[in-house]
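Biologist: I would like a close look at one part of this model, the sheet and the strand pairings, and then an account of how the rest of the chain is arranged around it. Please take your time and keep the answer connected.

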Amino acid sequence: MKKPTSIGPAAGKLAVLLPGLGAVATTLIAGVEAVRRGMAKPIGSLTQMSTVRLGKRTEKRSPPIRELVPLADLSDLCFGAWDVFPDDAYASATHARVLEQDLVDALREPLAAVKPMKAVFSPEYVRRLDGPNVKKAPTKRDLGELLREDIRRFVSANGCARAVMVWCASTEVYLQPTAVHAELGVFERAMAANDPAIAPSMIYAWAALKEGVPFANGAPNLTVDIPALQQLARQQGVPIAGKDFKTGQTLMKTVLAPMLKARMLGLDGWFSTNILGNRDGEVLDDPGSFKTKEVSKLSVLEHILQPQLYPDLYGRFEHKVQINYYRPRGDNKEGWDAIDIVGWLGYPMQIKVNFLCRDSILAAPVALDVALFLDLAARAGMKGIQEWLSFYFKSPMVAEGLYPEHDLFIQLTKLKNTLRHIAGEELITHLGLEYYGG
Ligand SMILES: NC(=O)c1ccc[n+]([C@@H]2O[C@H](COP(=O)([O-])OP(=O)(O)OC[C@H]3O[C@@H](n4cnc5c(N)ncnc54)[C@H](O)[C@@H]3O)[C@@H](O)[C@H]2O)c1
């Protein structure tokens, strides 16, 4: 197999910096520690389990992704975090009740070693939350500088060669891009002036990019999806990705909706509802944070079904999304989809999906892959928005003027072709005429 030529090896330790040490972050950290010790398998992670076919089907070359491209090894990851609460990852994982307590106890030592740094936080942006482990400084710019110091200190104290940051903190209230977000100079002056349009997540992203650290956004917050920070990412030569991990109901939507469109079946309505009882559910019970999530979840069908191209099929469908906080279920979310479809001659049919999932069990491998792929992108010299990572996000970031690609299988093809491209291998077009003398 041709070896990648232009990418540096994944030598040395990689700091994985996580704003938010809650359910997703602790399930990621505990999972990596469990896999390292041979206690469990990294199921759900492409970087750890998936292969990529190379060349013709007759060549039978399908190396694992981690052999095709140089990814950081799990044993080289070093986790750091910030949280509003001072609980270490052991206490937080125990509180989150995602993993069996026996497993959490067996990993007590590495988990207890992850102690959250003081957060940049304000309850104006996450109304259902407040805690004591918070930085104080006169301006948002100063808070950003404190985060930069944290990053430098963490990287040097742990002897890390590189770092990536993945936002795993709560969903902030809905913000729309304004003039403050349009240009880097204006944005930085607005930080110094404590402008309310600058959310805490933007301060983390700014600090990461200033330090040359790739940033990904696992929540639907605006964060790095603004021109000012995209400009900073390009200027610093750093990759960014987002937003909102695609894990449960939206993952299903981005599989089922392309099927309807592929077969030219119509849609009359799609009603999605969920119950969940974790802290994320509690935060999303606030209308401000829910609005951010709702916008992220709603955009998917419009983009996949393209009503402007198919007015007869998708010109007037109804799409509703509800999230209900229901404590008894904890992290074990249950989702229902009632889908009213239309077939030949306009005859109605129905599809029902009842997904009994585990929120953080689905999210943790996504967070891992995003961290490892962002680090790969940085070493491969890729900067700015990484559209090939759309596969992992509900609201994929794209260049201005482009619509996002939501179809999971197109996203997967794009991801695998990007890996082939990075590795200097032929892209696969799926034309296949060569097998028939074409
Ligand atoms: N399947 C999934 O679990 C999934 C899918 C997509 C997106 N997400 C998003 O991922 C995020 C994390 O989900 P979770 O279930 O781990 O939530 P969680 O509530 O368990 O954890 C979030 C943590 O972030 C902390 N926090 C909030 N604001 C902070 C700040 N400014 N700085 C540092 N810490 C802060 C909170 O104290 C909390 O401990 C949420 O925004 C959620 O919407 C989750």
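Modeller: Strands β2 and β3 run parallel and are joined by two bridges, and within this pairing W82 has M117 of β3 as its bridge partner. The model is a predicted one, and the pairing just described belongs to an open sheet of seven strands, which follow the order β3-β2-β1-β4-β5-β6-β11 with parallel pairing. Because β3 (117–118) and β11 (384–385) each have a single partner strand, they stand at the edges, and one side of each is left without a neighbour in the sheet.

A second pairing is antiparallel: strand β9, residues 334–342, is joined to β10 by nine bridges, and one of the bridged pairs sets E334 against L356 of β10. Five residues lie between these two strands in their hairpin, where L345 takes a positive phi near 65°. Strand β10, which covers residues 348–356, is hardly covered, since the count of buried residues among its nine residues is zero.

The wider frame is a chain divided into domain 1 (13–245 + 360–423) and domain 2 (249–356). The contact between them takes 26 residues from domain 1 and 26 residues from domain 2, and on the side of domain 1 that touches domain 2 there are 12 nonpolar, seven polar and seven charged residues. Taken over C-alpha atoms, the centres of domain 1 and domain 2 are separated by 26 Å.

The ligand draws on both parts of the chain, for the shell around the ligand takes at least three residues from each of domain 1 and domain 2. Of the 37 residues around the ligand, those that come nearest are G20, G22, A169, A219 and R279. Two or more residues of the shell are given by each of α1 (23–36), β2 (77–83), α12 (279–284) and α15 (359–379), so that strand β2 of the opening pair returns here as a contributor. Helix α15 gives the most to the shell around the ligand, with four residues, and by class the shell divides into 22 nonpolar, 10 polar and five charged residues.

In soluble globular proteins, nonpolar side chains tend to be buried together. Here the largest nonpolar core has 115 residues, and the residues with the most contacts inside it are V16, V164, V166, L229, A367 and V370. Helix α15 gives the most to this core as well, with 13 residues, and the core draws at least three residues from each of domain 1 and domain 2. The surroundings of V164 give a closer view: leaving aside neighbours within four places in sequence, V164 is in contact with L14, V16, L17, V213, P214, A371, L374 and D375. A second, separate core has 12 residues, L267, I304, L305 and I341 among them.

Towards the end of the chain, L419 lies in helix α16, residues 408–422. L419 counts as buried because 21 other C-beta atoms lie within 10 Å, and, not counting residues up to four places away in sequence, L419 touches V52, I65, L68 and V69. L419 and G269 are 150 residues apart in sequence, and from C-alpha to C-alpha they are 37 Å apart in space.

Some backbone details in the loops also deserve a look. G242 and K243 are joined by a cis peptide bond, with omega about -10°, and K243 has its place in the loop between β6 (239–241) and α11 (249–262). In the loop between α2 (46–49) and α3 (65–68) lies K60, which has a positive phi of about 50° although K60 is not a glycine. K60 has 9 C-beta neighbours inside 10 Å and therefore counts as exposed. M264, found in the loop between α11 and β7 (266–276), also is not a glycine and has a positive phi of about 55°. With 11 C-beta neighbours inside 10 Å, M264 counts as exposed.

Definitions and conventions
Residues are numbered from 1 along each chain as its sequence is written. This is a predicted model: local features need pLDDT of at least 70, side-chain atom pairs count only at pLDDT 80 or more; totals for chains, interfaces and linings use all residues. A residue is near a molecule or strand if its C-beta atom, placed from the backbone, lies within 6 Å of it. Ala, Val, Leu, Ile, Met, Phe, Trp, Tyr, Cys and Pro count as nonpolar, Asp, Glu, Lys and Arg as charged, and the others, Gly among them, as polar. Domain bounds come from an automatic or database domain assignment. Two residues are in contact if their C-beta atoms, placed from the backbone, lie within 7 Å. A nonpolar core is a set of buried Ala, Val, Leu, Ile, Met, Phe, Trp, Tyr and Cys residues joined through C-beta atoms within 7 Å. A residue is buried if 20 or more other C-beta atoms lie within 10 Å of its own, exposed if 12 or fewer, and partly exposed in between; C-beta atoms are placed from the backbone. Two strands pair if DSSP finds at least two bridges between them.
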